[in-house]
Amino acid sequence: MAKKKVMIIAVDPGFDAFKVVVNGEQYSLAKDVVRTKEDNLLSVKRDEDFILSHYIEGESFFVGPNARKLLSNKNYQEIQNKKETADTELETRFTTQEFEVGIWTAIGYALIRYSKEHGDEFDIDEYNEFVKKSDLRDKSIDKKYQDLVFAVAVALPNDAMDEWASVKNVLLKPSSFSIETIWGEYEINLAFKDGQLIVSSQVVVAMLGELIDNEGNTMAPDDNMLPAIIIDGGYRTVGMFELSEALSVEDGESNIDYAMHNVNIEVASQLQAAPYNRSDIHSYNIEKLIEKKEIVRYKNKDGKVEEAPLEDIRNAVIEEKCNGLIDHLESKFNDLLDVKQIIIVGGTGSVYYPIIKEYIEKNNNYINVRLIESEMNGKEVPPVFAVAMGMYRLCLYEVKKQSEAV
């Protein structure tokens, strides 16, 4: 019997973006999903941001950057305000049509990207012809895919692990749809089975990614690693837990008070108030304004146009929120008296890292503070991908263990 070739897809469905790792390669797609009509397509530039999903027959959805741009438009602000509220509810977040369209499109898009970079190993067009058993296909390539199986690993927020049944049901739906990109339109034909799916907590795999290497081998933690506090700073939640010397998880929490979303809410609130009075600026505009170094102008009380100190306002709010997080950590984990290490991952984590490190060096210099940055396939793994890569390494370990048991 031929040995199965396993293709691992690890997904971190973050509040801000789907981070997907395919066989060690990293891909990200903004989570935003907007249903669109055909007459709207002519106004959208077909550049690298153009990702149009036909996940539901007869319908079209912008997913990713273009969807985000549309949602920042005034005409879509009511839709965005409703999404802002719905996205804070963990029990509904993974059951929406937008989530289903988003996660399947993110997986399909990642496979398209992987196919373009590693076509000799996996070609999305060849695979679709193989799945459909097309009479027009080159049957000589069937051997390339006949022993291929997928392993799909999903990292969920610690507080949302009970939602795995809903997510699993979405992934167990055989999916046949198409995605339009700047490179053309691609068919996606995928069907996963229950035994191909695994799940773990985001904060747990952030640490496990440190204890499993790029080949799926486990490493024992050294004496200076544990107990450790793991902080996964995402856009809408800051996950945190203590990993004991027995490798058990203690006091897990997904906290929304100190996440970057709350930073942006506060920044937007200050810009909406006097003297700026920019009521048109909302929390979901802030990231774009910062990223593109946009100038925020306002009229002062004398009617003169001035520039609001956006970056200064945001830095001050970040400092305030991070100091609040430090106070929370001390209260939650016994003043950090027994902690040997603080491990930080995630996009918000990387922003908070220098503030936390400076505080710990002044007040708890026996604690080692680390921002997780690793390497995979010769490429840097940034903190925002630490959870997805940790999930990938865990899945790689499980696949290797099962292979060795055969």
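Ala206, Gly209, Glu210, Ile372, Ser374, Val381, Ala386, Met389, Gly390 and Arg393 line the largest cavity of this structure. I should say at once that this is a predicted model, in which local features need pLDDT of at least 70, side-chain atom pairs count only at pLDDT 80 or more, and totals for chains, interfaces and linings use all residues. Residues are numbered from 1 along each chain as its sequence is written, and side-chain values use heavy atoms, with hydrogens and water left out.

Let me stay with the cavity. The term denotes a set of points, on a 1 Å grid over the protein atoms alone, where a 1.4 Å probe fits but cannot get out; lining residues have an atom within 4 Å of a point. Grid points are joined across faces, edges and corners, and the volume is the space filled by probe spheres set on the points. The structure holds 2 cavities of 30 Å³ or more, and the volume of the largest is about 40 Å³. Helices α8 and α13 (386-405) each supply at least two residues of its lining, and the largest share, 4 residues, comes from α13. Helices and strands here are DSSP runs, numbered from the N terminus: H or I over at least four residues for a helix, E over at least two for a strand.

I turn now to the sheet. It is open, with 5 strands in the order β13-β12-β11-β16-β17 and mixed pairing; two strands pair if DSSP finds at least two bridges between them. At the edges stand β13 (249-255) and β17 (368-371), each with a single partner strand, so one side of each is left without a neighbour in the sheet. From one strand to the next, the twist averages 15°. Angles run from 0 to 180 degrees between N-to-C directions, with axes fitted to C-alpha atoms, for helices over the stretch in contact.

How is β16 placed with respect to the rest of the structure? Of its 5 residues, 5 are buried, so β16 is largely enclosed by the rest of the structure. Buried means under 20% relative accessible area, exposed over 50%, and partly exposed in between, with a 1.4 Å probe and protein chains only. Gln341, Ile343 and Val345 point one way from the strand, and Ile342 and Ile344 the other way. Strand β11 (residues 228-233) pairs with β16 (residues 341-345) in the parallel sense over 5 bridges. Isoleucine 230 stands opposite isoleucine 343, and isoleucine 229 opposite isoleucine 342. The pairing of β16 with β17 is also parallel, over 4 bridges, and there isoleucine 344 has leucine 371 as its bridge partner.

Two helices lie across this sheet. Helix α8 (residues 202-211) crosses β11, β12 (238-243), β13, β16 and β17, at about 60° to β12. Helix α12 (residues 347-363) lies across β11, β16 and β17, at about 160° to β17.

Finally, the cores. A nonpolar core is a set of buried Ala, Val, Leu, Ile, Met, Phe, Trp, Tyr and Cys residues joined through side-chain atoms within 4.5 Å. The largest has 48 residues, and Leu111, Phe122 and Phe150 have the most contacts inside it. Its largest share, 11 residues, comes from helix α4 (residues 97-117). Apart from it lies another core, of 40 residues, among them Tyr258, Ile281, Phe333 and Ile360. Leucine 111 touches Met7, Ile9, Val22, Phe122, Ile124, Phe150 and Leu190, not counting residues up to four places away in sequence; contact means heavy atoms within 4.5 Å.

How values were computed
1 Å grid on protein atoms, 1.4 Å probe; cavity = no way out; pocket = protein on both sides within 12 Å on 5 of 7 lines; lining within 4 Å.
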